[in-house]
Amino acid sequence: MRRFLCLLAFPCALAAQSPNEAVWRASDLAWEKGDYPAALRGMQVLLDGADSLTYVERVALRTGELHRTTELTADGARPAFSPDGTLLSWESGVGSARVTRIARTATPATVVAQLPGGNAAIAPDNRVVAWLPPADLGRGTVALRDLGTGRDLSLAGLDGWVPSGVTFGLDASTLFITAAASGETTRNEILRATRQGGGYVVQGPIANAEGFKHNPLALPGGRYLLVQTPGGNPVRLATGPAGFRAAQGFAIVDVTTGERRTIDGAAPTVSADGARIAWIEREGGAHRLLTMPIAGGEPFEIIRSTERIDAPSLSPDGTWIVYQRMPQFDWELYLVGTDGTADRRLTHDIQHDLFPQWLDDRSLIAVMGEARHRRVHHYDVLTGARTKLFHNNTVRTIAPEYEWIASPDGTRLLIVAERDGDTVSPERGVYLMDLSERVTPATVRARLADNLAGELALRERGMATFRPIADAVREVTAAVEVPNVFRYSRDLFAFGSKHLSQPGNARAIAYLDSTYRSFGLEVQRQYFSPRGAPGDSTANVLAILPGTTHPELIYIVSSHFDSRAEGPGADDNTSGTAALLEAARVMAQHPQAATIVFASFTGEESGLQGSREWVRQAVRDSLRVVGALNNDMIGFANDHRLDNTIRYSNPGIRDIQHAAAMQFSDLITYDALYYKSTDAAAYYEAWGDIVGGIGSYPVLGNPHYHQPHDVLETINHQLVAEVSRTTVATLMLLASSPSRLGGLTATAPSDGVVELSWRPSPEGDVTGYLVSWGPADEPERWTRRVTAPRTQLREVVPGMVARVKAMNAKGLEGWDWAQVPLAP
């Protein structure tokens, strides 16, 4: 009887679950709450137990990647598979230094060819590759090489043409070249070249039409060529690369007769057998999804909707189409039969779901999020199950992704990403993910151990950093109130658009001025004339909290208050402005050792004009700015987690912000090396590596970004308050601690002895300096404390570095190290 009741009663069923399931649930919940040490320890228990294989997949997906991923290069772009998927290629470098590398997919570490140039195309039989050399190696040429022999092949008949792209037909006997006649600026042609003897000979144009043609694609069967006509964009094969933006115009060309059928449509997609095509058309206010046989016939309308639709992709067997549709504010994926039946929605996330590509007849990949940080996912179209694929397998650092290419058989992906979280340097890595091979239990165990060690070290450093002032910080951060955050947001939202061109800009300036003054702060309006506008028509609003010990040193914290012209900008960036106002309110009666400037910048949406004007005047006036925070877009939460990203140039500030969030708020923080295209860039350009701050970029999931529907009801005001608390705690630590030292130099080693010196700390309450040195991967192997700004180090060997920071009378250490190599 008890057994029967347990089958019916959910609580009893829970009680009957295994102890391991209880451990998993507790670990998973701890992860959701941001208690990563507890989560990682629980997962270690599971993987060290007798039932470990049951939990490897769950743990791998929760902490990172499930499938084996190989880095092909740390600096690459434009990855591609050969038509049969056995070879892959990528480009590195730019301009005359651009190089294309070709490797075997099964053994990607083995490069089989290195080509000077780019835009490579590999023939279906893998014997020949064509590419465009750099301009300084022969502008107006196409290079060809036999991959079997390594010999270069000739190309005749291209004189008088300037090529811009190459692609092969269904075998190596035919090459299509996109080229314009020399001096022609209004049109180009698709040239056909055929294999003859030891090279290729251009036969002439095959798609004679006005305007520019792009991205020719030979369709299965060999008779037809799909060509993008003016305004068109890359075609979608059922199991190949996807085009990313819809634009009008493509043509189907019969290469045997030259006949051409032009379709005023967008985003064409072709079935794997080349028999069927589908595309999008706009007709008045309607959006249409159509299909027809490639060989001809009348188009059949599958979908007609007033809702936006885009990016269709035909299944390999040609019976289904997955496409994206915008039922309200965000793109979702839908599935429909090519006969127009069984139209159903696949996704339901508030974030955009975009650019689907089929892997096989049951599964596909698509990406989620906004343009600066989309993430690729796997979807099972029968069950609706979604699985995130790419990750850098760390707890805190995010990895923006930019390109995703599926292999023809759907078993592998090529991904371009900033796996290390560095969005500033131009280099991006290229990675090969094998969907048929999973990571091993040993790999996942090592991942858990590395992340746990890193997380514990981060927390331990953070506790030690804040310990001397923790009680004071806790008192001030506790005063942050969500109702205040909402009130500021509501008041600013009522002004409508706060763009430079709108009346709301001036109303916001007056409101910020009066609000800062109500806190008892000194306020300045910094008027200037923005580009393209007469007179002093806008202003930054600056609230100043003078320092008590060294007021000449300045920390600035900013958020722009302007918005796009088309909307009120509740998240971008009323959210940051509300957090800044509340931070100013609670700190107004708690001055710190250094001066703090609360800056509400105008003109960010018009080219960072407000921040650049403040920096210009600060440099002119020789202000001593030693640290900066900038918060932007912090109020949208796509799920239950209160999380945001630390966007930094300075790793010391990064770690302080992690510690501030963990100790004095409920905010869960990630991080990325990021400041470009934000007001933080103005600080970096003037004073270098002194930047931190919080924002949703580059983990942006807000579908309301830069839209008229970026409105107040989409904001999580608790999240804004937690960012404000983290900002307050960070400011109190920075402005109470010694700033980073300058002028650190080391003499050349003499008998292993180095003289180290630096400029004295500008803070007047400094009691000494902490010096550490050692190998670059262990810079704190040795430490010493000194009172003078110099010391002598012995037994120095090549590869060592030295670091120095100041200490003050409160027991606070400098928030960042100054570092110098000791021996090259």
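What follows is a walk through salt bridges, surface charge, one well-packed loop residue and some unusual backbone geometry in this predicted model. Residues are numbered from 1 along each chain as its sequence is written, and side-chain values use heavy atoms, with hydrogens and water left out. Because the model is predicted, local features need pLDDT of at least 70 and side-chain atom pairs count only at pLDDT 80 or more, while totals for chains, interfaces and linings use all residues.

Let's start with the salt bridges. The term here means a side-chain nitrogen of Lys or Arg within 4 Å of a carboxyl oxygen of Asp or Glu, and by that rule the count is 47. One of them pairs R68 with D434, with 3.8 Å between the closest N and O atoms. That pair links distant parts of the chain: R68 sits in strand β1 (residues 67–73) and D434 in strand β32, 366 residues apart. Helices (H or I, at least four residues) and strands (E, at least two) are DSSP runs, numbered from the N terminus. As for cover, buried means under 20% relative accessible area, exposed over 50%, and partly exposed in between (1.4 Å probe, protein chains only). R68, at 35%, is therefore partly exposed, and D434, at 5%, is buried.

Next up is the salt bridge between the side chains of R145 and D152, at 2.8 Å from N to O. Here R145 is the buried partner, with a relative accessible area of 18%, whereas D152 is exposed at 53%.

R740 and D689 also meet through their side chains, with an N to O distance of 3.2 Å. R740 lies in the loop between α14 (717–736) and β42 (745–746), and D689 in the loop between α13 and β40 (691–692), so this salt bridge ties together parts that are 51 residues apart in sequence. Both ends are partly exposed: R740 has a relative accessible area of 27% and D689 one of 25%. Elsewhere, salt bridges join up into a network that links E281, E283, R288, E301 and R304.

Now for the surface. D273, D317, D360 and D361 gather there in a patch of negative charge. Patches are made of residues with over 30% relative accessible area and no salt bridge, with like charges joined within 9 Å and nonpolar side chains (Val, Leu, Ile, Met, Phe, Trp, Tyr) within 5 Å. Asp and Glu count as negative, Lys and Arg as positive, and His and the chain ends are not counted. The place of a charge is taken as NZ of Lys, CZ of Arg, CG of Asp or CD of Glu, and accessible areas come from the Shrake-Rupley method with a 1.4 Å probe, with only the protein chains shown counting as cover for residues. Within the patch, D361 is found in the loop between β26 (353–358) and β27 (363–368) and is partly exposed at 40%.

R419 is another loop residue, placed between β31 (412–417) and β32 (429–438), but R419 is buried at 17%. Leaving out residues up to four places away in sequence, its contacts (heavy atoms within 4.5 Å) include E65, T69, F390 and Y431. A399 touches R419 too, and the C-alpha atoms of these two, 20 residues apart along the chain, are 4.5 Å from each other.

Finally, the backbone. The peptide bond from D572 to N573 is cis, with omega near 10 degrees, and N573 lies in helix α10 (residues 570–587). R78, in strand β2 (residues 77–81), isn't a glycine but has a positive phi near 50 degrees.
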